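Got the model open in your viewer? Keep the selection box handy, and we'll walk through it one stop at a time.

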Amino acid sequence: MRPILLCLLLAAAPVPAQTAETAWDAIAPMLLEGRTPLPAGEAIRIASPYRTENDARTVIGIEAEAPGGRLIARVTVVLDENPMPVSAVLELARPEPRLAFDVTFRINGPTPLHVLAETADGEVYLAEGFVKTSGQGACAAPPGTDPEAALARLGEMSLEMTPLGAAGRLAALAHAGPEARLGIGIRHPSLSGLQRDQVTLLFIPMRYVERLEVELDGQPYAALTGSISLSENPEIGLNVPAGTRHAEATMTDTEGTITHAGKDFPGY
């Protein structure tokens, strides 16, 4: 099942709210499709705050490295209690031994966090965590920017390359090796469909980053499938070969808007 269709199905389906376990029990069968996940152990590392400082903009970092010479093909991040639990799916164009990335999420309330790493040969590793929040109810919070200003710059992107082990968003997942961090900032309101216009009090229609595709030196590298869990003006970072000389990003949102950005990196 395509990740974006799965996100929409899970957003529309009623999920019992009695316990966090019940929420995951409803989500897991659709993601696992009959497979039995293996305990992640050291295969998955999660870098997330014990408690969010800003529910609407919380950085979560993931590192997946499968044992036994297996290759990572896809990683799925699930915020169980968010209105759209399947919050981000990152797929590699060619499976790699390791994948590290970070995303700015909006987290609606205290929630278990599940991360699934799928290998090229069909194995699935599962890691769990928990994120406490500050009680701000991020998914229904009004947009932080003026709607007209947000639409005027919608889809603008910035690309930056930094050493993977430098102090910053992926420092906790730094890994010895010839890698760098490609950071992509996207101008987008990431409208959740749960927010109200502060004048009319009508709900603002849902609109978010549906797909972000990344090419390195002219070759497909990775693709992110998004959800309403992405923060306003989301930022995404991922590990890339340090020898990368050029990166391209293509964003598609749920209204069909497509934008592109590219940048040369002669120093890497």
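Before you click anything, one definition: buried means under 20% relative accessible area, exposed means over 50%, and partly exposed is in between, using a 1.4 Å probe and protein chains only. Helices (H or I, at least four residues) and strands (E, at least two) are DSSP runs, numbered from the N terminus.

This is a predicted model, where local features need pLDDT of at least 70, side-chain atom pairs count only at pLDDT 80 or more, and totals for chains, interfaces and linings use all residues. Residues are numbered from 1 along each chain as its sequence is written, and side-chain values use heavy atoms, with hydrogens and water left out.

**Stop 1: colour by confidence**

pLDDT is the predictor's confidence in each residue, from 0 to 100. The chain averages 86, and 85% of the residues score at least 70. Now select residues 1-20: pLDDT there is below 50, although the stretch has 31 contacts in the model beyond near neighbours in sequence. (Contact means heavy atoms within 4.5 Å.) Where pLDDT is low, the predicted coordinates should not be read in detail.

**Stop 2: the whole chain**

Switch to cartoon and you'll have three helices and 15 strands in view. Of the 268 residues, 47% are buried. Among contacts with a separation of 6 or more, 70% link residues 24 or more positions apart.

**Stop 3: the nine-stranded sheet**

In what order do the nine strands of the open sheet run? Trace S1-S8-S7-S4-S5-S12-S11-S14-S15, with mixed pairing. Strands S1 (38-39) and S15 (258-264) are at the edges with a single partner strand each, so one side of each has no neighbour in the sheet. Two strands count as paired if DSSP finds at least two bridges between them.

Next, select S12, residues 219-225. Five of its seven residues are buried, so S12 is largely enclosed by the rest of the structure. On one pairing, S11 (residues 209-216) runs antiparallel to S12 with six bridges. Strand S5 (residues 86-96) is also antiparallel to S12, joined by four bridges. Click Ala222 to find both pairings: Leu92 stands opposite this residue, and Val214 has Ala222 as its bridge partner too.

Now slide to the turn. Leu216 is bridged to Gln219 in S12, and the S11-S12 hairpin has two residues between the strands, with Asp217 taking a positive phi near 50°.

**Stop 4: two more positive phi values**

Most residues other than glycine have a negative phi, and most peptide bonds are trans. Select Glu33, which is not a glycine yet has a positive phi of about 50°. Glu33 sits in the loop between helix H2 (20-32) and S1, and its 52% relative accessibility is why it counts as exposed. Then jump to Asn233, with a positive phi near 45°, in the loop between S12 and strand S13 (235-241).

**Stop 5: Ser229**

Stay in the S12-S13 loop and select Ser229. Is Ser229 buried or exposed? Its relative accessibility is 0%, so Ser229 counts as buried. Show polar contacts, meaning N or O atom pairs within 3.5 Å; within protein, one atom must be able to donate a hydrogen and the other to accept it, and residues adjacent in sequence count only if both atoms are side-chain atoms. The Ser229 side chain makes such a contact with the side chain of Asn82 at 2.9 Å, and a polar atom of the Ser229 side chain lies 3.3 Å from the backbone oxygen of Met84. Beyond residues up to four places away in sequence, Ser229 also touches others, including Leu79, Thr104 and Phe105.

**Stop 6: strand S13**

Like S12, S13 deserves a click of its own. Five of the seven residues of S13 are buried, so the rest of the structure largely encloses this strand. Strand S10 (residues 179-186) pairs with S13 in the antiparallel sense over seven bridges, with Gly185 opposite Glu235. Strand S6 (residues 99-105) is antiparallel to S13 as well, with three bridges; there, Asp102 has Gly237 as its bridge partner.

**Stop 7: the nonpolar cores**

A nonpolar core is a set of buried Ala, Val, Leu, Ile, Met, Phe, Trp, Tyr and Cys residues joined through side-chain atoms within 4.5 Å. Which residues touch the most other members of the largest core? Select Leu182 and Leu212, out of 49 residues. Leaving aside neighbours within four places in sequence, Leu182 is in contact with residues including Leu159, Val214, Ile236, Leu238 and Phe265. For your last selection, try Ala28, Val78, Val124 and Leu126, which are among the eleven residues of a second, separate core.
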